[in-house]
Amino acid sequence: RVDLVDSGLGTFVPAEEAKYLTRLARVLDPKSVEGRIVHIANSLNAGALSADFSPYTIQGFFGMLGHPVTVAQSVVGGVKRAVGAGDVRTLWSEASLATKMREDPQGWLDFAAATGRNIPAGTPEEFAGGWLRGIPGYSAFNRSTYSMLTSLQKDIFTSTRAKWIARGKSAVEADAIAGDHAAQVIPFFNPARKGLSPAGAQESRVPFVSLAFARKPLEVAGEAAQGAANLMLHRPVTPAQQESLEFGVRVIGSLAAASTSSAAADAIATGRDPFAAVVDVLNPDSPNALRVYASGTGWSLALGGPYRALYRAFAPRAVDVGFTLPTGGSTVYLPGVGLERYFGDRVQILGKRTYEALVNKDYYGKPVATSSNRALALMQGLIYIGEGVIPLSAGQPFESQRRGQSPGEAAVQTGLQVVGVSGRGPTTRDLRNQAAQDLGLGTSYDALNTGQKRQVDETPAVKEAIQRREPAAG
């Protein structure tokens with residue numbers, strides 16, 4: 001038994017527990033090696049997804065898809081308050097949030113207790129901006145942004161709570177259901193709910209860019225899948241499963257409707273087969289899965305964030321098992337094949353980029369270092385790694401230059417990253433399919449023979465795209 005003098009408790013604990021507690025204490029100590037590593041890693045993680053408007057276009061977008069009426073009422077209420085105050089800044093100011101808390105103190109106490117959020121503490125550490133807080137004015141901007149999201153999260157909690165009370169649940173039960181759901185729609189991870197200490201919470205964030213965004217969508221998907229299975233087996237469905245299933249259907253249904261309709265419109269505008277375009281965006285194997293198109297421009301947006309990624313991860317995909325099946329062939333369709341990519345896209349960016357630089361293969365499978373000169377190749381690798389330190393919006397110009405995009409396309413891509421969404425112009429794949437159709441060879445480049453593919457690759461647009469190293473997937 002070892003006396004933990006530094007704990008201030010003056011108590012004795014078993015030796016193994018003492019080691020564990022001592023290690024956690026070092027994690028919280030900014031002067032220790034462990035503490036510095038954890039602090040730097042989490043600061044980089046928090047900074048990577050900051051300095052843009054993604055809280056509105058991703059978290060707010062989730063809320064709009066899953067709870068359109070509640071979000072509309074929240075926004076209209078905010079606009080009315082802004083008009084009444086004569087200041088549009090009240091839409092997202094901390095003062096406006098304080099006013100709403102004074103108007104409904106009990107409702108906010110219920111919300112805080114059900115979600116585990118410490119509202120007066122401000123923005124959750126995970127979304128506070130990391131090292132960007134050293135930039136004058138950034139913290140105030142970020143707090144205002146998350147004041148609006150906190151208000152929206154509470155409105156979703158209130159409407160969900162009222163719904164379950166109307167369905168016959170007690171106030172306590174409704175609070176629990178609504179609290180968990182609100183923290184899933186506007187992702188918020190409460191480490192205490194998982195039995196983690198403050199030090200354990202800091203450690204758990206290190207491997208991921210955002211632990212909340214890695215966990216919460218998976219929680220929704222898992223509960224929705226369990227609920228769907230229970231329905232098919234005529235078993236009872238829990239309130240949490242039902243809430244997640246309803247939310248998932250609304251989100252994926254809305255994304256699918258927007259994606260298929262925009263893809264069909266774009267296909268008609270560009271002279272392609274609209275049916276083939278719709279099938280393409282519903283295919284989880286396609287890089288165009290659930291993308292929303294700007295008709296006639298060749299540009300598309302990857303809306304839906306982790307829910308689009310989960311659709312691609314869980315939707316059954318063809319897998320070659322390597323032997324002949326009794327039914328003939330060697331291909332089976334398995335769900336969850338894309339989960340490796342899902343988690344790979346959410347790991348710590350600096351570490352991931354360091355690995356990609358070492359194996360000389362970027363996210364798109366293209367070489368990171370293209371120079372034959374070792375010194376220049378090393379410099380290219382270091383620049384690539386360095387991009388993982390800055391926000392994605394700031395690193396987009398470097399990404400565009402490396403991918404060979406034109407200045408105009410690079411400017412559009414950077415603008416979209418600042419807004420907080422991922423956009424893409426026509427890829428080599430898109431151009432090849434279009435060229436194949438223009439040449440009367442069919443609608444799919446992949447279905448052509450070698451001679452026909454060579455013919456397509458010689459068309460001016462495709463040839464230029466290949467020379468610029470445009471990625472074939474995204």
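Visitor: How does α10 pass α13, in a left-handed or right-handed crossing?
Guide: α10 crosses α13 in a right-handed way. Bear in mind that this is a predicted model.

Visitor: What angle, roughly, and how far apart are the axes?
Guide: The axes of α10 (residues 211–232) and α13 (residues 305–314) cross at roughly 60° and come within 10 Å. The two helices are therefore oblique to each other.

Visitor: Which residues meet there?
Guide: From α10, Phe213, Pro217, Leu218, Val220 and Ala221. From α13, Pro306, Tyr307, Leu310 and Phe314. By class, that contact has nine nonpolar residues, no polar and no charged.

Visitor: Switching pairs. How do α3 and α11 pack?
Guide: α3 (residues 54–66) and α11 (residues 239–269) pack at about 105°, with axes 8 Å apart. Roughly perpendicular counts as 65 to 115 degrees, so α3 and α11 are roughly perpendicular to each other.

Visitor: And which residues make the contact?
Guide: α3 gives Phe61, Phe62, Leu65 and Gly66. α11 gives Phe247, Arg250, Val251, Ser254 and Leu255. The contact of α3 with α11 divides into six nonpolar, two polar and one charged.

Visitor: New topic: α17. Which residues are buried?
Guide: In α17 (residues 392–402), Ser393, Gly395, Gln396, Glu399, Ser400 and Arg402 are buried. They span an arc of only 155° around the axis, so they lie on the same side of α17.

Visitor: What covers them?
Guide: The cover for the buried residues of α17 includes α15 (349–359), α16 (374–386) and α18 (407–419).

Visitor: What does glycine 404 do just after α17?
Guide: Glycine 404 takes a positive phi of about 75°.

Methods
Residues numbered from 1 in each chain as written. Predicted model: local features only at pLDDT ≥ 70, side-chain atom pairs only at ≥ 80, totals over all residues. Heavy atoms only, no water. Axes fitted to C-alpha atoms, helices over the stretch in contact; angles between N-to-C directions. Helix = DSSP H or I, 4+ residues; strand = E, 2+ residues; numbered from the N terminus. Parallel < 35°, antiparallel > 145°, perpendicular 65-115°, else oblique. Contact = heavy atoms within 4.5 Å. Nonpolar A, V, L, I, M, F, W, Y, C, P; charged D, E, K, R; others polar. Left-handed = near helix turned anticlockwise from the far one by under 90°. Buried < 20%, exposed > 50% of the residue type's maximum accessible area, 1.4 Å probe, protein only. Arc of directions from axis to C-beta.
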